Amino acid sequence: MTYLHNIGAYFLMIIEMFRKPTKWAVMKQLILKDIDDLIIGSLGIVAFISFFVGGVVTIQTALNIDNPLIPKYLVGFATRQSIILEFAPTFMSIIMAGKVGSFITSSIGTMRVTEQIDALEVMGINSLNYLVFPKFISMMLYPFVISIAMFLGILGGMAACVYGGFSTLEDYIVGIQNDFETFHVVYAFIKTFVFAFVLATIPSFHGFYMKGGALEVGKASTTSFVWTSVVIIILNYFLTQMLLS
């Protein structure tokens with residue numbers, strides 16, 4: 001029953017988030033601040049992880065297709081498919097659930113503990129619109145982060161492939177271009193938009209409705225990371241089934 005209650009409260013929170021909007025002059029500043037915190041602040045860790053994971057994917061692929069009958073360009077092909085279809089949109093989102101999700105939960109949870117949310121409601125402000133809606137809008141720029149992850153993942157693979165001596169640059173580029181389907185990129189960005197919504201709302205839910213003190217803020221952050229990751233993995237399965245089948 002607790003799970004059903006939380007699911008119902010989550011969807012009611014989403015509905016309430018769009019009601020009684022905050023004045024645009026205030027909302028604009030909140031959105032810009034959240035873009036800086038959630039999007040710009042995540043570019044460094046995304047770039048670092050993407051580049052080196054792309055290199056690891058390339059090395060493992062090259063080491064597992066060492067048969068001389070298998071063309072070398074398949075290293076670039078396999079790297080491109082792995083990065084675009086799964087690593088960039090899905091696994092990067094799970095990593096972001098730890099960074100962005102924990103930040104959202106802890107920041108809103110701290111406001112709940114210090115009674116700042118109660119003060120907003122006393123002043124007649126829709127606290128859900130004030131706190132959650134800017135994060136939702138900010139995360140609509142999340143595909144920009146994932147596009148950088150795709151580019152740097154393939155670039156890291158290229159560096160590992162060439163400097164590791166697994167294949168030539170020409171073969172790697174041929175593999176990247178070979179049998180390319182534009183819809184795979186569209187599919188990745190559709191998933192990214194859905195995951196962005198999840199990353200903005202589930203951590204906000206756990207932060208907004210938490211009870212207790214400072215210790216419970218940490219527990220809420222952990223819980224939000226777990227549930228955000230679970231929902232992303234489940235949605236990834238269904239979206240893949242619907243879009244690629």
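**Figure 1. Glu121 in helix α5 of the predicted model.** Glu121 is partly exposed, and its relative accessible area is 41%. The model shown in all these views is predicted. Glu121 belongs to helix α5, which covers residues 116–122. Setting aside neighbours within four places in sequence, Glu121 contacts Ser127 and Phe208. Phe208 returns in the next view, where Arg112 lies over the face of its ring.

**Figure 2. An aromatic cluster that includes Phe208.** Five residues make up one aromatic cluster: Tyr10, Phe11, Phe205, Phe208 and Tyr209. Arg112 lies over the face of Phe208, and the distance to the ring centre is 4.7 Å. Glu121 is also in contact with Phe208. The structure holds 12 aromatic pairs. One of them is an edge-to-face pair of Phe51 and Phe52, with 5.5 Å centre to centre and 80° between the planes. Phe205 and Tyr209, from the cluster, form a tilted pair. Their ring centres are 5.1 Å apart, with 50° between the planes. Is Phe205 buried or exposed? Phe205 counts as buried, at 8% relative accessibility. Its partner Tyr209 is partly exposed, with a relative accessible area of 38%.

**Figure 3. Phe51 and Phe52 in an annotated span.** The UniProt annotation "transmembrane region", from an unreviewed entry, covers residues 38–63 among its spans. Residues 38–63 are 88% helix and 0% strand. The end C-alpha atoms of this span lie 37 Å apart. The rings of Phe51 and Phe52 meet edge-to-face, at 80° between the planes. Phe51 is partly exposed, with a relative accessible area of 28%. Phe52 also counts as partly exposed, at 48% relative accessibility.

**Figure 4. The buried side of helix α2.** Helix α2 takes in residues 24–39. Its 16 residues should span 22 Å at 1.5 Å a residue, and the end C-alpha atoms are 21 Å apart, which agrees. Which residues of α2 are buried? They are Met27, Leu30, Ile31, Asp34, Ile35, Leu38 and Ile39. These buried residues cover an arc of only 140° around the axis, so they sit on the same side of α2. An α-helix has 3.6 residues a turn, so residues three or four places apart point the same way. The face turned away from the buried side carries the exposed residues Ala25 and Lys33. What covers the buried residues of α2? The cover includes α3 (43–64), α4 (74–113), α6 (127–131), α7 (133–138) and α8.

**Figure 5. Helix α8 and the glycine after it.** Helix α8, one of the elements covering the buried residues of α2, runs over residues 142–163. It has 22 residues and reaches 31 Å from its first C-alpha to its last. That is close to the 32 Å expected at 1.5 Å a residue. Just after α8 comes Gly165, with a positive phi of about 75°.

**Figure 6. Thr192 in helix α10.** Thr192 is placed in helix α10, which covers residues 182–208. Is Thr192 buried or exposed? Thr192 counts as buried, because its relative accessibility is 0%. Not counting residues up to four places away in sequence, Thr192 touches Pro89, Tyr142, Pro143 and Ile146. Residues 186–208 form another span that the unreviewed UniProt entry annotates as "transmembrane region". Over this span the chain is 100% helix and 0% strand. Its end C-alpha atoms are 33 Å apart.

**Figure 7. Glu170 in helix α9.** Glu170 has its place in helix α9, residues 169–177. Glu170 is exposed, with a relative accessible area of 54%. How far apart are Glu170 and Phe87? They are 83 residues apart in sequence and 24 Å apart in space, C-alpha to C-alpha.

**Figure 8. The whole protein, for orientation.** The secondary structure comes to 11 helices and zero strands. The C-alpha atoms fill a box of roughly 70 × 40 × 35 Å along the principal axes. Of the 245 residues, 43% count as buried. Among contacts with a separation of 6 or more, 86% join residues 24 or more positions apart. The unreviewed UniProt entry places "transmembrane region" at residues 38–63, 83–104, 141–166, 186–208 and 220–239.

How values were computed: Residues are numbered from 1 along each chain as its sequence is written. This is a predicted model: local features need pLDDT of at least 70, side-chain atom pairs count only at pLDDT 80 or more; totals for chains, interfaces and linings use all residues. Side-chain values use heavy atoms; hydrogens and water are left out. UniProt positions are given in the numbering used here, feature names are shortened, and annotations may be inferred rather than shown by experiment. Helices (H or I, at least four residues) and strands (E, at least two) are DSSP runs, numbered from the N terminus. Rings of Phe, Tyr and Trp (its six-membered ring) pair if their centres lie within 6.5 Å; planes under 30 degrees apart count as stacked, over 60 as edge-to-face and the rest as tilted. Buried means under 20% relative accessible area, exposed over 50%, partly exposed in between (1.4 Å probe, protein chains only). A charge sits over a ring if NZ of Lys or CZ of Arg is within 6 Å of the ring centre and within 35 degrees of the ring normal. The expected span of a helix is 1.5 Å times one less than its number of residues. The arc is that of the directions from the helix axis to the C-beta atoms. Contact means heavy atoms within 4.5 Å.
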